[in-house]
Each structure stands twice: as structure tokens, then as C-alpha cells.
Amino acid sequence: MRRMKKGELHLHTTYSDGHITAEDINNCGLDFIAITDHDTVEGFLSVKEQLTNGLELIPGIEFSTKHRGKGIHVLAYFFNYNNPEFLEELEYYRQKRVNRANKNFGILHELGYAVDYSKINKNGTIGKPNIADSIFALPENDELLVKNRINSVDDFIDLYLEKGKPAYVPVEKIPLEKIRHYCNGPLVLAHPAVDLDRGSDDWIIRDLRDKYDLRGLEVFTRRHNPEETAYYYGLARQLGLIPSRGSDAHHRERIGLYAADYSLVNELRKIKV
Ligand SMILES: [Zn+2]
Ligand SMILES: [Zn+2]
């Protein structure tokens with residue numbers, strides 16, 4: 001009997017807030033990978049040129065967007081990544097994030113931190129983790145970080161960059177109408193338990209299905225605890241959504257933690273809207 005192919009459907013490279021490189025992907029030992037960087041396909045395009053084995057690279061992206069007042073993450077697969085209009089659109093939103101980073105730095109500088117934009121001078125998408133990383137990368141900040149008891153990038157984000165915190169700056173997000181317009185393959189809601197309230201926000205998922213033809217719910221992910229996994233599995237079944245899988249890997253050690261079978265790929269691939 002042939003072995004069922006296994007792979008990863010949610011992963012971030014150095015082109016967004018991940019640390020995963022083309023080399024890591026070539027060495028991961030899986031049969032397929034969907035690179036789902038935030039709001040960019042640059043990582044996907046770059047890794048595609050550097051593949052050294054028979055691994056299948058699936059077009060993917062994770063959009064940060066909003067629906068009914070809630071910030072959500074939507075995964076898209078099997079879309080046309082060569083469409084110049086789509087790429088231009090992504091570039092527009094990338095530039096918005098560059099502007100936001102500059103504003104963040106202005107505020108952080110006033111708060112006493114050393115800032116150096118060249119520390120995040122990178123391709124792809126600049127998110128909060130990239131900004132926080134760049135602060136940790138400057139030894140001049142060690143003293144202030146210790147004084148403020150900030151031990152990690154996550155601590156830093158919580159203390160300064162989240163909504164309501166001193167260096168928070170909002171950024172324009174790509175609307176769902178545009179996502180749907182450019183991506184005619186399946187849309188899957190990523191890690192619902194992270195962004196939505198269980199129960200009281202379920203109607204938002206139903207609304208996404210009815211208005212934007214959402215087809216999948218990421219159920220099996222390291223971002224969910226067992227209780228959340230069970231709950232959203234039930235909801236996916238109830239709403240007729242595909243219960244999807246993905247590790248949301250940002251480091252190579254996590255690639256394939258929640259590996260998917262190829263049958264899931266086949267199921268997603270056949271969706272055209
Ligand atoms: Zn996400
Ligand atoms: Zn992710």
C-alpha cells in the first residue's frame with residue numbers, strides 16, 4: 001500500500017514574521033507545504049525558485065483582515081499568484097505596514113528605546129513581531145528592557161504594540177471583498193479560537209460562509225487547546241465547513257507538528273468560486 005502523503009498547510013517564512021527559510025523547507029521531509037505568509041506571496045515565490053527536491057509547494061497566504069468589527073486571519077489557497085493587479089494590491093498594503101513601523105519607531109524612540117529601521121529592512125510583510133525583534137536586536141535597549149521586566153518579544157508586543165498600548169498604531173487591512181475578488185480558491189478561517197469568542201461570535205463564521213463563501217475552519221492547530229479543537233470541530237461540521245489542519249509554524253522545529261494528509265489538499269484544490 002502506498003504511504004499517504006503528509007504536509008504542512010500553515011507556515012511563515014522570513015518574508016513575514018517567521019524564521020523559516022528555503023533550506024528548512026527543503027530539509028523538512030514532508031511531501032507538500034503551503035507557505036502562508038501574512039499578506040504576501042514573496043516568500044512563496046522565492047522558495048519556489050529554490051526547491052531542490054520533489055516537494056510540492058502549494059500557493060498560500062494568510063490575510064489579516066476584519067469582519068463585523070473583529071480582526072481575523074483568513075487563509076487562502078490555490079489562487080492565481082501571477083495576477084499583476086493582485087500583486088500591486090499586496091504592495092499597497094505592504095507599504096502601509098512600512099509607514100506604520102516608522103510611526104511605531106517614532107513613539108518608541110520618545111519612550112527611550114533605541115530604534116534602527118535597518119534592523120527590519122527586509123522583504124515581505126512587517127508585523128509587530130518584526131518591530132519587537134528589532135528592539136531586542138539593539139544591545140543599547142538591554143538595560144531598559146530589563147528595567148521594564150520585558151523578557152520576550154511577546155511581552156514587548158503586549159506592553160507597547162497592542163491596541164490601547166502606548167506605541168499602538170492602527171494599520172489599514174485588506175478588505176474581504178478584495179480577498180474574495182483576487183482569490184478564487186478556498187478560503188479557510190485560521191485559528192478561530194485566537195480571534196473570536198467561542199459561542200457568541202459563531203454567527204460571524206456563519207456570516208463569512210454566507211457572504212464570502214468561506215469553505216474551511218482551521219480546527220487542528222497548536223493555537224487551540226483540546227477543548228477549543230473539539231468545539232470548532234463540531235462547529236465546522238454543523239456549518240458544513242472543512243475542518244482544516246495547520247501548525248502555524250514560525251520556526252523549523254514546528255513544521256509538520258499538525259501535519260495534514262494529502263486528502264485535505266485534494267479537497268481544498270477542487271474548490272473554485
Ligand atoms: Zn494567524
Ligand atoms: Zn499564521
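At what angle do the axes of helix 4 and helix 6 cross, and within what distance do they come? The model is predicted. In it, the axes of helix 4 (residues 128–136) and helix 6 (residues 153–161) cross at roughly 110 degrees. They come within 9 Å. An angle of 65 to 115 degrees counts as roughly perpendicular, and helix 4 and helix 6 are therefore roughly perpendicular to each other.

Helix 4 makes this contact through Lys128, Pro129, Ile131, Ala132, Asp133, Ile135 and Phe136. Helix 6 contributes Val153, Phe156, Ile157 and Leu161. The contact residues are nine nonpolar and two charged, with no polar ones.

**Strand pairing**

Strands of a sheet pair through backbone hydrogen bonds, either parallel or antiparallel. Three strand pairs are set out below.

| Strand pair | Direction | Bridges | Facing residues |
|---|---|---|---|
| Strand 1 (residues 6–8) and strand 2 (residues 32–34) | parallel | two bridges | glutamate 8 and isoleucine 33 |
| Strand 4 (residues 60–67) and strand 5 | antiparallel | eight bridges | lysine 66 and glycine 71 |
| Strand 5 and strand 6 (residues 187–189) | antiparallel | three bridges | alanine 76 and leucine 187 |

Strand 1 and strand 2 belong to an open sheet of four strands. Its order is 3-2-1-9, and the pairing is mixed. Strand 3 (56–58) and strand 9 (260–261) are the edge strands. Each of them pairs on one side only.

Strand 4 and strand 5 form a hairpin with two residues between the strands. There, arginine 68 takes a positive phi near 50 degrees. Strand 5 also pairs with strand 6, through three bridges.

Why is strand 5 described as largely enclosed by the rest of the structure? Six of its eight residues are buried, so the description fits.

**Nonpolar cores**

The largest nonpolar core has 38 residues. Within this core, Val74, Ala76, Leu189 and Leu217 touch the most other members. Strand 5 (residues 70–77) supplies the largest share, five residues. Ala76 thus appears twice in this account: as a core member and as the residue opposite leucine 187 in strand 6.

What does leucine 217 contact, leaving aside its neighbours within four places in sequence? The partners are Val188, Leu189, Pro192, Ile205, Tyr232, Leu235, Ala236, Leu241, Pro243 and Ser244. One of these, Leu189, is also named among the core residues that touch the most other members.

A second, separate core has 15 residues. Ala101, Phe105, Ile126 and Ile131 are among them. Ile131 also takes part in the contact of helix 4 with helix 6.

Definitions and conventions
Residues are numbered from 1 along each chain as its sequence is written. Chains are lettered from A and ligands numbered from 1 in the order in which they are written. This is a predicted model: local features need pLDDT of at least 70, side-chain atom pairs count only at pLDDT 80 or more; totals for chains, interfaces and linings use all residues. Axes are lines fitted to C-alpha atoms, for helices over the stretch in contact, and angles run from 0 to 180 degrees between N-to-C directions. Angles under 35 degrees count as roughly parallel, over 145 as roughly antiparallel, 65 to 115 as roughly perpendicular and the rest as oblique. Two residues are in contact if their C-beta atoms, placed from the backbone, lie within 7 Å. Ala, Val, Leu, Ile, Met, Phe, Trp, Tyr, Cys and Pro count as nonpolar, Asp, Glu, Lys and Arg as charged, and the others, Gly among them, as polar. A nonpolar core is a set of buried Ala, Val, Leu, Ile, Met, Phe, Trp, Tyr and Cys residues joined through C-beta atoms within 7 Å. A residue is buried if 20 or more other C-beta atoms lie within 10 Å of its own, exposed if 12 or fewer, and partly exposed in between; C-beta atoms are placed from the backbone. Two strands pair if DSSP finds at least two bridges between them.
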